[in-house]
Amino acid sequence: MKQPSRARLLRISLIYAIATTIWIILTDRLTTLLTQDVEQQALLQTAKGLLFITFTASLIYALLRRELRLEEEVIAALGDSEAQWRSLVENAPDIIFTVNRQGDILFINHPVAGLTHQDVLGTNVLAYTPPEYQTTIREALAYVFETGQPARYEIEALGPHGTPAWYSTVLSPVMRGDSISTATLITRDITARRRAEQELRESEAKLKLFIEHAPVSLAMFDPDMRYLAVSRRWITDYSLEGREVIGQLHYDLFPELPERWKEAHRRGLAGEVVKAEEDSFERSNGTILWQHWEIWPWYTSNGAVGGIVIFTEDITARRSAQAALRLSEERYRQIVELAQEGIWVIDAENKTIFANARMAEMLGYTVEEMNGQPLFAFMDDEGRRLAEANVERRRQGITEQHEFLFRRKDGTPLWTFMATNPLLDEQGHYRGAQAMVTDITRLKQTQNAEHEQRMLAEALAQTANALSSSLDLDTVMNAILENITQVVPHDATNIMLIKNERVYIAYWRGYRPEFIPYLREFEMPLDSTSNLHHMWATGLPFLASHVEEYPDWVRVPPNEWVESYVAAPIRSHGNVIGFLNLDSRTPGFFTEVHVQHLQAFADQASIAIEHAQLYEQIQNHAAELEQHVIERTAQLNQTKERIEAILNSSSDVIILCQTDGLIEQTNPAFCQVFRCAPDESLFQPVTRLVIPEDAGRLAQAFQTIQDTRQTQRLEVGIQHKGGTPFDAELTLTLVAGQNERILGIVCTIHDISERKEMEMGLRAALAREKELNELKVRFVGMISHDVRTPLSVISSSTDILRTYHDRLGEQQRTKHLDQIDSQVKRMVTLLNDVLTISRADTGTTSFSPKPVNLNQYCRSLVEEFQGNLQVVHPIEFSFPGEVLMALVDDNLFYQALTNLLNNAIKYSPESSPVRFSLSSDGENAVLQIADNGIGIPQEDLPHLFEAFHRGSNVGQIKGTGLGLAIVKRSIEAHGGTVTCESQLDTGTTFTIRLPRIHQGDTDHDENPGD
């Protein structure tokens, strides 16, 4: 046990001194008061001394016992705190080091993959740091130990799987008294954060690049109408070159903007999309521009309007051109309309008598140069042979469409698609031919390029297959030489490799037999040929399309016949290690396209060489690993003891399983969660711990981790004794021994019930938010059309009445007033429909049902429709002999039936009958309304009863998309259902089922025959 500290001894001494002083003063005073006799005072002093000794001994014993108990509690608390700290550190996801001033590692919570604590302890932290960051770490260590302040830095290194990763490290001092004894490094993997930041920057850069290079005038503004982004077209269209635009107020740059445009901006900032097909704008210099413009709001992540985007198009020139076009002659207008295609007319002697500008442009001539020229002057000999056959078919009166190859004035090919027909006189004699010609050269080039790319991909795939199926370098190299023939034609090829600054031919193909001995013995200095030295120095391919034009070309016996040459360097780890050479006896044969294809095969040769070298290194390394087996055995035993300590301290369930899924070992948390004894589940299948429907997935995960050796994570339902199943995240981690032998599988179970509940709530909220957003978009679209149109009619009629009231007759004034009244009623109906939908969705719909004779009710409704002079569709109504009664809210039920009848009439051909029937299926009254109209597309049926949704085939037929939504909510308020069956262009049938009541259940006495 530790000795009491100086502070405790001082505290005990102080208490003792105070108690002694009080005792002496009180006892002396008491003795004087009790007696004045000296002998009696002496006896009392003796007794007082004995009592003082007893008292002080008891006091010291009590104080020391209290201090010892407090120290024992402190020591126990320190032990518990140390155990908790060690558990937290060892199980923390971050890597935690303790280092001295020199950077030597004194402690690590868990080392990186492939190393143990014994491997790491005592080594320097710089040994695990990339060279470019070692200076940073040295400076950070010096800073922490000199200033006592923490330091932070980020580095990039290879992660556990060999992929690049970013790590953030905090270096903090550890104080011992007034000095710094050690420092703690906490390293965290921040790769995901760095990638997210990079992706965000790239996304912002792409957005700015898109706006800047947009082919239209485009500008993006914040809510204060300050510029956030602008396209180059906007800068040029509005003469803003050389001015700083971003951050400027739009109205400062254009003070002459009319008030109607500012109002449009305010409407856009309120969330409205505003457009104008044609609008004039008078600049401050007096010029008038005609524009088409659109204003769209953009939204922030929380759904608020963040500003507007303005698109403009200058249509001044287009309006001028349209005015000039209207003044042109009819024949000239037709020619201009056809100017997008080439027009070519020849006479009976095959001479050109007409070619439009487009045709001349395609061939590279002027119209004047083409006129009078024979048809055959624009093609090669093979084309002339085909053209003569085509002309002969024209003479026979045959019309055709076909592809044809012409030659432009500069000799380049022109692929065309021609629609040709003969020109005959009134007697039917051949007088020539005319053709509509389309340039398809780019299409042909694309097709040829696709073919070449496909051949290249197939050849590379075959080579890659050889790479993956064999480590034999000779087999792979010969496969490369064979497959390259399919992509880059040549007469001979070889692969040269570099050794000790000299090149030799390792593989070859296509050379004559007499050159083989020379190829085997060929060896020369690398710098003796400029083409090889150039590729070695630059790492770039080399092309000599005509070798006679290359002054440094060296001819040796195997290549004396070569006229065209192309080569690509073979690179490994940034260094050139060889060359892939192709030879051709045809001058000018190889091009830049061949260079690109050849480099792809050279890169595969590089991979093959690297694989062979790596295979050799692996074999050498395997021998070294055998020597470490004995040392690793002892380390594994220590690791096992540590793992058992971790298992016992974890709050999550940890299970060690065999490869067949049988439980081999569990931690204490297992017994607490599954309420069983430690040995009760041993050698039982782990799948019995999950609910039956997840057992198959868990078994498949066990198989997958053994096949792929990748950690598996899945969410399952866990079942245990006497409790309801709960959601858990189950992680399977492979336990591999030496030589990658599978020793077992660690199964970790973490309760995620609370997280799942939160996820379900978030998904439900997201779905509702998405539904509301879609509803809002459709509502805004409907309002912008169905409210704007009546308002336009009302505004127009009002202006006419106000301006020309004294010049209008009574009939004309009445007509405009009727139009205003009609449009007002239309808007009232629309708003009532929206109000009905809103009340139904919020549960505030007034519902007052009463017993109703459905036979009489429906017949009266049919008579009402038939009495409307505007309804020209006969309604065929049928009903049963028995009286059908139901509890009905007159307002809601009337609204539902009239909407269905109106729809049947509106979407049916004129005078087409509408069938309305009333029947019973026992417990329900069944109402059917059928028509022979346009029908409803199948893709629209699932959304039929959604508010503001209209069928995609309604065309110009007016409607708001609210009628069927009202029908559904009205019928469901009655406890009924409504369904729809429809076939496109055939008709639609809506079926309503309402719970019926019998006459004995109600006091209703109406006569069904009335």
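A residue counts as buried under 20% relative accessible area, as exposed over 50%, and as partly exposed in between; with that scale in hand, the tour goes through this predicted model by way of its charged side chains.

Begin by selecting R571, which at 30% relative accessibility falls in the partly exposed class, and then add D603, whose 31% places it there as well. The two side chains meet in a salt bridge, with 3.3 Å from N to O, and the pair links distant parts of the chain, since R571 belongs to strand β20 and D603 to helix α18 (residues 592-626), 32 residues apart.

Continue to H573, which sits in the loop between β20 (564-572) and β21 (575-584) and is exposed because its relative accessibility is 69%. If E610 is selected too, the C-alpha atoms of H573 and E610 are found 8.8 Å apart, although 37 residues separate them along the chain.

Next, select K409 and E369, whose side chains form a salt bridge of 3.1 Å, N to O. K409 lies in the loop between β13 (400-407) and β14 (413-424) and E369 in helix α12 (residues 367-370), so this pair ties together parts 40 residues apart in sequence.

Then move to E259, E263 and R266, which are linked in a network of salt bridges; within this group, E259 and R266 meet at 2.8 Å, N to O. In total, the structure holds 22 salt bridges.

Finish on the surface with D727, D751, E754 and E757, which gather in a patch of negative charge. Of these, E757 lies in helix α22 (residues 753-786) and counts as exposed, at 58% relative accessibility.

Definitions and conventions. Residues numbered from 1 in each chain as written. Predicted model: local features only at pLDDT ≥ 70, side-chain atom pairs only at ≥ 80, totals over all residues. Heavy atoms only, no water. Patch = residues over 30% accessible without salt bridge, like charges linked within 9 Å, V, L, I, M, F, W, Y side chains within 5 Å. Areas by Shrake-Rupley, 256 points an atom, 1.4 Å probe, with all protein chains shown as cover. Salt bridge = Lys/Arg side-chain N within 4 Å of Asp/Glu carboxyl O. Lys, Arg positive; Asp, Glu negative; His and termini not counted. Charge placed at Lys NZ, Arg CZ, Asp CG, Glu CD. Helix = DSSP H or I, 4+ residues; strand = E, 2+ residues; numbered from the N terminus. Buried < 20%, exposed > 50% of the residue type's maximum accessible area, 1.4 Å probe, protein only.
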